[in-house]
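Could you walk me through this structure, from its pockets to a pair of packed helices and a couple of individual residues? Please keep it friendly and concrete.

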Amino acid sequence: MKNRLLEEVGIVGPRRELQAVVHYPQGVAAQEASWLVMSHGFRGSKDGHGRAVELAEQVSARGMGVVRFDFTPCESLDRQVEELLCVTGWMQRQGWMSLVLLGRSMGGCASLLAASKLGKRVKGLCLWATPSDLQATFQNALGLAVYRQLQQGSSVNLQDEWGSLHLEPDFIGGFATLNLLAKLAALGSLPLLVLHGTEDELASAEQACAYADVAKGPCKLVVLEGADHRFSEHFKESAAAVVAWLGAWYTKISSSCIL
């Protein structure tokens, strides 16, 4: 599907084609605009039950391009970073050079690690409900017994309200030793938005505050009272925070908020 503002594309990934949607910037030439790259969380999708679509539309209406894409399900963090770099490489071949990375939950971890590899192409980073301690977070998400099963080298199969899930032990490989806070500090003066909820049941708000504490550049910390990990009842507030932050730094068209 292609029209003046929206295009579905397949991007060659390291193991499979990655499905992506491009929201072209309104009123700004694509090669002159900044571009937001949206990475979803564990068991999420590029559509985010329509919420990622809505946010992308709001951002593109303000003159910033957006690319949303689907990770290969249940891949390790290292492989997610590889896939994100394939997406940004494809964008570079289109001539879209100025990037802001936005990641939800585990997608935020992938965005942080990718930013450290992309250098000056990355102009900003948004960590949305993003853990700084993956081991603690996935012990909460999977349950301690399941996490230990993976640690012991066994695969797991789960069935829950979100459907079926199969994980291999390498999914958690490196979680115990990965220092995401040091990776963020090493990004230097990169502008940062940290968005979290006080009632996040998987990654505590303290994990978000830890990112803000080590940031070297301009950092905006937004902690929404009562919001859970998925921002189930707080999407409008969280989207407004993202739109306002992007508007202050990157978007080229000033328009009234449509939330």
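Here is a short tour that starts with the pockets and ends with two single residues.

Please keep in mind throughout that this is a predicted model. A good place to begin is the largest pocket, which has a volume of about 900 Å³. Its lining is made up of 37 residues, and G41, F42, G44, R104 and R230 are the closest to the centre. Several elements supply at least two lining residues each: β3, α1 (51–60), β5 (99–104), α4, β7 (156–160) and α8 (235–249). Among these, α4 gives the most to the lining, with 5 residues. Sorted by class, the lining residues of the largest pocket are 17 nonpolar, 13 polar and 7 charged.

Now turn to the second largest pocket, which holds about 170 Å³ of space. There are 15 residues in its lining, and those nearest the centre are H40, R43, G44, F71 and P73. The classes here are 6 nonpolar, 7 polar and 2 charged. You may have spotted G44 in both descriptions: it is among the residues closest to the centre of the largest pocket, and it is also among those nearest the centre of the second largest pocket.

Let us return to α4 and look at its neighbour. Two packed helices are described by the angle between their axes and the distance between the axes. Helix α4 covers residues 134–142 and helix α5 covers residues 144–151; they pack at about 120°, with axes 6 Å apart. That angle falls outside 65 to 115 degrees and is not over 145, so α4 and α5 are oblique to each other. On the α4 side, the contact involves Q135, F138, Q139 and L142, which meet L144, V146, Y147, L150 and Q151 of α5. This contact has 6 nonpolar and 3 polar residues, and no charged ones.

Next comes S39, which sits in strand β3 (residues 35–39). Is S39 buried or exposed? Its relative accessible area is 3%, and because buried means under 20%, S39 counts as buried. Leaving aside residues up to four places away in sequence, S39 touches F69, F71, L84, L102, G103, R104, G107 and S111. One of these partners, R104, is also among the residues closest to the centre of the largest pocket.

Our last stop is G188, in the loop between α6 (180–185) and β9 (192–197). With a relative accessibility of 25%, G188 is partly exposed. Beyond residues up to four places away in sequence, G188 touches K216 and G217. C209 lies 21 residues from G188 along the chain, and their C-alpha atoms are separated by 17 Å.

Key
Residues are numbered from 1 along each chain as its sequence is written. This is a predicted model: local features need pLDDT of at least 70, side-chain atom pairs count only at pLDDT 80 or more; totals for chains, interfaces and linings use all residues. Side-chain values use heavy atoms; hydrogens and water are left out. Axes are lines fitted to C-alpha atoms, for helices over the stretch in contact, and angles run from 0 to 180 degrees between N-to-C directions. Helices (H or I, at least four residues) and strands (E, at least two) are DSSP runs, numbered from the N terminus. Angles under 35 degrees count as roughly parallel, over 145 as roughly antiparallel, 65 to 115 as roughly perpendicular and the rest as oblique. Contact means heavy atoms within 4.5 Å. Ala, Val, Leu, Ile, Met, Phe, Trp, Tyr, Cys and Pro count as nonpolar, Asp, Glu, Lys and Arg as charged, and the others, Gly among them, as polar. Buried means under 20% relative accessible area, exposed over 50%, partly exposed in between (1.4 Å probe, protein chains only). On a 1 Å grid over the protein atoms alone, a cavity is a set of points where a 1.4 Å probe fits but cannot get out, and a pocket is an open set with protein on both sides within 12 Å along at least five of seven lines; lining residues have an atom within 4 Å of a point. Grid points are joined across faces, edges and corners, and a volume is the space filled by probe spheres set on the points.
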